[in-house]
Every structure is written in C-alpha cells, then in structure tokens.
Amino acid sequence: MAAISMRNIVKRYGDGYQAVDNVSLDIADGEFVILVGPSGCGKSTLLRMIVGLEDITSGDMMIGDVRVNQKAPRDRNLAMVFQNYALYPHLTVFENIAFPMRLKNTPDSEVRERVQKAADLLQLGEHLDRKPANLSGGQRQRVAMGRAIVRDADAFLFDEPLSNLDAKLRGQMRTEIARMQKRLGTTTVYVTHDQTEAMTLGDRIAVLRRGVLQQVGTARQLYEEP
Ligand code: ADP
Ligand code: ADP
C-alpha cells in the first residue's frame, strides 16, 4: 500500500483557473519524492492539497488506506515545512520545536526528550534558549524541521524550504535534509524549482508542467542520456 496515493487529482480555483490537471501518483512508504517544475506549474497547490490546506476539486487523495479529501489538516497527521519557516517570534527555539506537542498536552518529560532528540539530529542543542530573530537562516530552517520531526507525522511535506538561503548554505542544508530523511525513514514530498535539489535529494522525481504530471522517475532515468 502506498503511503500517499493521488488519483486523478484536479484543482480548479474559484476564478476557473485549472492549476492541477488530472495528476495520479503513488508515493511508497519511506520514499523521498521531489516535485519539480517551473514557477506557477502547480507544485504548491498539489502539496497544499496533500496536507489539506487547499480543497480538492475532483479526484481521490489517499493517505495509507484512508481517503482524506474531506479531512481537515489536523486529522491527516502530516508535517509541512514552509519556505518562510513560519516560526513564532516570541517563543524560544525549544518552545517553537515543542509547539505541536504543547497543543496535544504532551507530558513535559516527553516534550523535553523529543525536543532534545530533534535538536541533536539538527545540531540545534546550543541554541534552544534563543529566539528566532537571533538565528541564522539555516538555523531557522532547522528549527522548522525540528518542529516537523517531533510531530511523529506519517510524512514530511517541504515547500521550497531552501529558497531563502544563500548558495553555500543551501548545499549544506541539502545534505542535512537527505541525512535526516534517511535516518528517520519518513515518507517525504519535497517541492522545488531547483534542478540540483531535484537531482541530488530524492529517490524519485515527479516533473510538473502547467498542472500536468509529465514524467516520474529516478534522476538517472530522467536526466541521463539513454
Ligand atoms: P508553483 O508552486 O508551481 O509555483 P502554484 O501551485 O503556486 O505554483 O500555482 C499554480 C497556478 O495556480 C499559478 O498559475 C497560480 O497563479 C495559480 N493560483 C495559485 N493560487 C491561486 C488562487 N488562490 N486563485 C487562483 N489562482 C491561483
Ligand atoms: P485552527 O486554528 O483551526 O487549528 P490552524 O491553521 O492553526 O487552524 O491549524 C489547523 C490544524 O492544521 C492544526 O491542528 C494542525 O494539526 C494542522 N496544521 C497546521 N499547520 C500545519 C503544518 N505546517 N503541517 C501539518 N499540519 C498542520
């Protein structure tokens, strides 16, 4: 059974614009899939439909064996990492990472343990008492990833997480995301318009153009000469 299964997914916005056109894609448990394509091709729209932040016009969205079309984001158990990090400025790094667990009234001892584990994985251990304003872009992105990790979600969804970082840091974070995903083995969908990220990060690449899924395959299958 696929971890995430999309069947004939269509998105038509209120103004009639069809942003996603009959997309079908199965993502296996533990797989890392890159969704790549030029700006405006519908990547974010598709990702937002997976997480439930955008209504699906038609088609079936399955998470495991559950059809989630009508389910609110909170009932899907997915963790999304946004491009702008979406951190709480008044909270420390610790509390930013802990936030999803605070919402669920997780016991303090468990919160501490899970934040510490995420912080170790992301090299944030020294910075737990700081506020987001006092962090570098890369550190902020790590905090956002930490918050995703502690949710114990069925999948991670990344929306261009590195596009606000400079080239050097992007390279470094690319390596870290790949390492984190391998270590945790969590199913991941990662949206980018960056070819390097597409070719180096995922198990498979799905190429979207004008809302249509054009190709799906490994970097080798897609980018190397036959
Ligand atoms: P990408 O993430 O690939 O850049 P998006 O999914 O953000 O693309 O957008 C796909 C298309 O849908 C674009 O043409 C965009 O202008 C359009 N679009 C996005 N959001 C809306 C909206 N709320 N209403 C109407 N059109 C939208
Ligand atoms: P509400 O105020 O109705 O709870 P929110 O936008 O705060 O609306 O979030 C609703 C639910 O969506 C949350 O309980 C959470 O489970 C889920 N959610 C919010 N942000 C994310 C995210 N980045 N990734 C996954 N799920 C999210």
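**Reading rings and helices**

Guide: Phenylalanine 32 and tyrosine 190 are both buried (under 20% relative accessible area with a 1.4 Å probe on protein chains only; over 50% is exposed, in between is partly exposed). This is a predicted model, where local features need pLDDT of at least 70 and side-chain atom pairs 80 or more, while totals for chains, interfaces and linings use all residues. Residues count from 1 along each chain as its sequence is written, chains are lettered from A and ligands numbered from 1 in the order written, and side-chain values use heavy atoms, without hydrogens and water.

Visitor: How is a pair of aromatic rings described?

Guide: You give the distance of the centres and the angle of the planes. Here, rings of Phe, Tyr and Trp (its six-membered ring) pair if their centres lie within 6.5 Å; planes under 30 degrees apart are stacked, over 60 edge-to-face, the rest tilted. That gives four aromatic pairs. Phenylalanine 32 and tyrosine 190 make a tilted one, at 5.9 Å and 45°.

Visitor: Which parts does that pair tie together?

Guide: Phenylalanine 32 is in strand S3 (residues 32–36) and tyrosine 190 in strand S8 (residues 187–192), so the pair links parts 158 residues apart in sequence. Strands (E, at least two residues) and helices (H or I, at least four) are DSSP runs numbered from the N terminus.

Visitor: What kind of pair do phenylalanine 156 and phenylalanine 158 form?

Guide: An edge-to-face one, 6.3 Å centre to centre with 65° between the planes. Phenylalanine 156 is buried at 3%, and phenylalanine 158 at 1%. Phe32, Phe156, Phe158 and Tyr190 form one aromatic cluster.
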